[in-house]
Amino acid sequence: VVSIAGNIERCTALGTGSQYLTNGLTIFLTSEIPCHTLNAVVNKPEKVTAVFAALADPTRRRIVQHLSEQGESRVTALAKPFRISLPAVSRHLRVLENARLIKRRRQGREHLIRSDVAGLEEARKWIAQCAVGWESGFDTLDELLKDAQRSHNEREKAR
Amino acid sequence: MKSEIKVGDNRLQMTRVFDAPRHLVFSFWKEADRLQQWWGCKETSKVECAMDFRVGGSFTCVMQITGAGEFSYKGQYDQIVEPEMIAFHADFGPTTTRVVVEFIDLQSDQGSQTKVVLTQVGFPTQDIFNGVSQGTQEAFDKLDSLLASQVLV
């Protein structure tokens with residue numbers, strides 16, 4: 001769900017509800033949504049974990065940022081602004097590649113690197129799943145509170 | 001009423017109004033036997049929590065999730081202002097997540113209502129998302145289809 005703050009504004013109809021975005025994304029969930037939040041975390045946490053771990057490092061974040069701004073780049077060009085050795089860059093690139101945050105192709109002896117949205121999608125989905133998970137819990141809480149109120153009122157009346 | 005959900009600035013924020021007085025809503029976060037009744041998603045069949053509900057206190061929850069087995073996590077309370085606010089961090093998900101829950105008293109003619117504002121922080125990816133997503137509608141389209149299909153696996 002998600003993310004992407006920014007200054008984009010957009011309105012779309014979503015079922016009977018609506019969603020809009022102003023400096024952040026606002027969504028009104030209006031229908032029952034099945035919750036797979038924890039299923040995903042339990043069953044295949046590696047993918048999301050890889051993305052978060054990869055992005056936890058500031059150099060790797062800057063590499064991803066650089067690629068999104070500059071487009072496809074040579075490994076040597078990536079190493080330069082960060083003033084780190086080629087082997088060090090290679091290690092970072094391998095981590096990013098495993099997290100599916102970058103893609104690599106060969107042109108002769110050069111390796112060309114570009115960003116890959118697959119990894120970000122994993123992270124995005126995870127955030128969406130958090131939202132769905134909370135909402136699902138809140139639905140139950142809502143019912144419980146209504147029950148508690150009802151029995152409280154009945155007790156009051158009986159007095 | 002459903003929640004209003006906002007995502008941005010590294011955080012997820014859920015706002016929902018419950019038709020119950022604040023102390024009652026708060027008790028469902030404070031007391032383990034009450035929290036266990038609603039904590040977790042729809043597929044959660046059983047929750048067992050051990051909670052030391054005080055600042056610096058720890059909690060552990062073990063959940064049984066239909067189709068996914070057992071899932072457990074640990075956390076710690078960072079701040080508690082009864083009945084206004086609870087802040088905690090937990091290791092659920094791929095990263096340590098910080099959560100702040102605010103309980104706002106709403107008085108109306110219909111009786112007591114409580115607005116709960118839950119803010120989850122700890123997504124290190126926001127600036128990256130911004131960079132990659134700028135100028136593209138791709139992410140929004142994905143979101144649309146994600147919500148439309150209502151399948152979030």
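## A buried aromatic pair in chain B

With a relative accessibility of 2%, Phe103(B) counts as buried, because the cut-off for that word is anything under 20%. This value, like the others in this report, is computed from a predicted model. Trp29(B) also counts as buried, at 4% relative accessibility.

Over all chains, the structure holds 17 aromatic pairs. One of them is formed by Trp29(B) and Phe103(B), whose rings are arranged edge-to-face, with 5.9 Å from centre to centre and 80° between the planes. Since Trp29(B) belongs to helix α1 of chain B and Phe103(B) to strand β7 (residues 97-108) of chain B, the pair ties together parts that lie 74 residues apart in sequence.

Another aromatic pair, this one tilted, is made by Phe59(B) and Tyr77(B), with 4.9 Å between the ring centres and 45° between the planes. Here too the pair links distant parts of the chain, for Phe59(B) sits in strand β4 of chain B and Tyr77(B) in strand β5 of chain B, 18 residues apart. Both Phe59(B) and Tyr77(B) are buried.

## The enclosed helix α1 of chain B

Helix α1 of chain B covers residues 22-30, and 7 of its 9 residues are buried, so the helix is largely enclosed by the rest of the structure. The buried residues are Arg22(B), Leu24(B), Val25(B), Phe26(B), Ser27(B), Phe28(B) and Trp29(B), the last of which is the partner of Phe103(B) in the edge-to-face pair.

## Strands β3, β4 and β5 of chain B

In a regular strand, the side chains alternate between the two faces of the sheet. Strand β4 of chain B (residues 58-65) shows such an alternation: Phe59(B), Cys61(B), Met63(B) and Ile65(B) point to one face and are buried, whereas Ser58(B), Thr60(B), Val62(B) and Gln64(B) point to the other face and are not buried.

Strand β4(B) has a partner in strand β3 of chain B (residues 44-51), to which it is joined by 7 bridges in an antiparallel arrangement. It also pairs with strand β5 of chain B (residues 69-81), again in the antiparallel sense, over 8 bridges. Val62(B) can be followed through both pairings, since it stands opposite Glu48(B) and has Ser72(B) as its bridge partner in β5(B).

Both pairings are hairpins. Between β3(B) and β4(B) there are 6 residues, and Gly56(B) in that turn has a positive phi of about 90°. Between β4(B) and β5(B) there are 3 residues, and in this turn Gly67(B) has a positive phi of about 85°.

## A core shared by the chains

The largest nonpolar core has 65 residues, and those that touch the most other members are Leu93(A), Trp134(A), Trp29(B), Trp38(B), Trp39(B) and Phe88(B). Helix α6 of chain A (residues 117-158) supplies the largest share of this core, namely 11 residues.

The surroundings of Trp39(B) give a closer view of this region. Once its neighbours within four places in sequence are left aside, Trp39(B) is in contact with Trp134(A) from the other chain, and with Trp29(B), Thr44(B), Val47(B), Cys61(B), Met63(B), Tyr73(B) and Phe88(B). Among these contacts, Cys61(B) and Met63(B) belong to the buried face of β4(B).

## The plan of chain A

Chain A contains 6 helices and 6 strands, which follow one another from the N terminus in the order β-β-β-α-α-α-β-α-α-β-β-α. Of its 159 residues, 48% count as buried. Its accessible surface comes to about 8,100 Å², and 49% of this belongs to carbon and sulfur atoms.

An open sheet of 3 strands in chain A has the order β4-β6-β5, with antiparallel pairing. Strands β4 (73-74) and β5 (102-107) stand at the edges with a single partner strand each, so one side of each is left without a neighbour in the sheet. Strand β5(A) is joined by 6 bridges to the antiparallel strand β6 of chain A (residues 110-115), and in this pairing Gln107(A) stands opposite Glu110(A). Helix α3 of chain A (residues 58-70) packs on the sheet, where it touches β4, β5 and β6 of chain A and makes an angle of about 90° with the direction of β6(A). Helix α5 of chain A (residues 86-98) also packs on the sheet, touching β5 and β6 of chain A, and its direction makes about 120° with that of β5(A).

How values were computed. Residues numbered from 1 in each chain as written. Chains lettered and ligands numbered in written order. Predicted model: local features only at pLDDT ≥ 70, side-chain atom pairs only at ≥ 80, totals over all residues. Heavy atoms only, no water. Buried < 20%, exposed > 50% of the residue type's maximum accessible area, 1.4 Å probe, protein only. Helix = DSSP H or I, 4+ residues; strand = E, 2+ residues; numbered from the N terminus. Pairing = 2+ DSSP bridges. Phe/Tyr/Trp six-rings, centres within 6.5 Å; stacked < 30°, edge-to-face > 60°. Core = buried A, V, L, I, M, F, W, Y, C linked by side-chain atoms within 4.5 Å. Contact = heavy atoms within 4.5 Å. Areas by Shrake-Rupley, 256 points an atom, 1.4 Å probe, with all protein chains shown as cover. Axes fitted to C-alpha atoms, helices over the stretch in contact; angles between N-to-C directions.
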